[in-house]
Amino acid sequence: MSTLSTHVLDAVCGAPAAGVTVTLYRQERRLDAGETDADGRVRALGDALEPGTYRLVFDTGAYFAAREIETFYPEVAIAFAVTEERHYHVPLLLSPFAFSTYRGS
């Protein structure tokens with residue numbers, strides 16, 4: 001079975017984005033949720049992931065609202081495919097008007 005982690009970096013202040021709620025879904029079913037720690041990480045989401053398509057939803061609106069920063073993206077949703085047994089890491093580079101992601105290690 002596969003495992004999953006994520007890391008959120010705030011490109012505006014050049015630091016980890018602590019306190020971002022991240023929810024994991026498979027299709028429409030909510031599997032797990034966590035909040036990024038002081039290092040901007042959720043070290044484990046979901047128990048053991050079987051092959052399939054999953055979605056991470058980052059509550060970026062609440063994160064920026066807590067900092068009194070206007071944002072264009074109230075949430076960021078990233079769909080990804082689990083295709084083989086391994087650890088999957090999905091980082092998010094975040095700013096109020098842009099975001100980027102990639103398949104991490």
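## A pair to start with

Let's begin with two leucines: L24 has L56, in strand β6, as its bridge partner. Strands here (E, at least two residues) and helices (H or I, at least four residues) are DSSP runs, numbered from the N terminus. L24's strand pairing is part of a bigger match: β3 (residues 21–26) and β6 pair in the antiparallel sense over 4 bridges. Two strands count as paired if DSSP finds at least two bridges between them.

Before going on, a word on what you're looking at. This is a predicted model, where local features need pLDDT of at least 70, side-chain atom pairs count only at pLDDT 80 or more, and totals for chains, interfaces and linings use all residues. Residues are numbered from 1 along each chain as its sequence is written, and side-chain values use heavy atoms, with hydrogens and water left out.

## The overall layout

How many helices and strands does the chain have? The count is 1 helix and 9 strands. Walk along the sequence and you meet them in the order β-β-β-β-β-β-α-β-β-β.

On to size. A compact globule with 105 residues would have a radius of gyration near 13 Å, and the chain has 13 Å, so the two agree. That radius is taken over C-alpha atoms, and the globule rule is 2.2 Å times the number of residues to the power 0.38. The C-alpha trace spans about 40 × 25 × 20 Å along its principal axes.

## Inside and outside

Of the 105 residues, 39% are buried. Buried means under 20% relative accessible area, exposed means over 50%, and partly exposed is in between (1.4 Å probe, protein chains only). The chain exposes about 5900 Å², with carbon and sulfur atoms supplying 51% of that; these areas come from the Shrake-Rupley method with a 1.4 Å probe, and for residues only the protein chains shown count as cover.

Contacts (heavy atoms within 4.5 Å) also reach far along the sequence. Among those between residues at least 6 apart, 56% join residues at least 24 apart.

## Around β6

Back to β6 (residues 52–58), which is mostly covered: 5 of its 7 residues are buried. Besides β3, β6 has an antiparallel partner in β7 (residues 76–82), joined by 7 bridges. There, R55 stands opposite A79 in β7.

R30 belongs to β4 (residues 29–35). R30 and L56 are 26 residues apart in sequence, and their C-alpha atoms are 9.9 Å apart. Not counting residues up to four places away in sequence, R30 touches T23, L24 and Y25.

## Around β8

Strand β8 (residues 87–95) is mostly covered too, with 7 of its 9 residues buried. Does β8 run parallel or antiparallel to β1 (residues 3–10)? The pairing is parallel, over 8 bridges, and L9 has L93 in β8 as its bridge partner.

With β9 (residues 98–101), β8 runs antiparallel over 4 bridges. The two form a hairpin with 2 residues between them, and L92 finds its bridge partner in T101 of β9.

## A closer look at A15

A15 sits in β2 (residues 15–16). Why does A15 count as partly exposed? Because its relative accessibility is 26%. Leaving aside neighbours within four places in sequence, A15 is in contact with L9 and D10. A15 and D39 are 24 residues apart in sequence and 8.3 Å apart in space, C-alpha to C-alpha.
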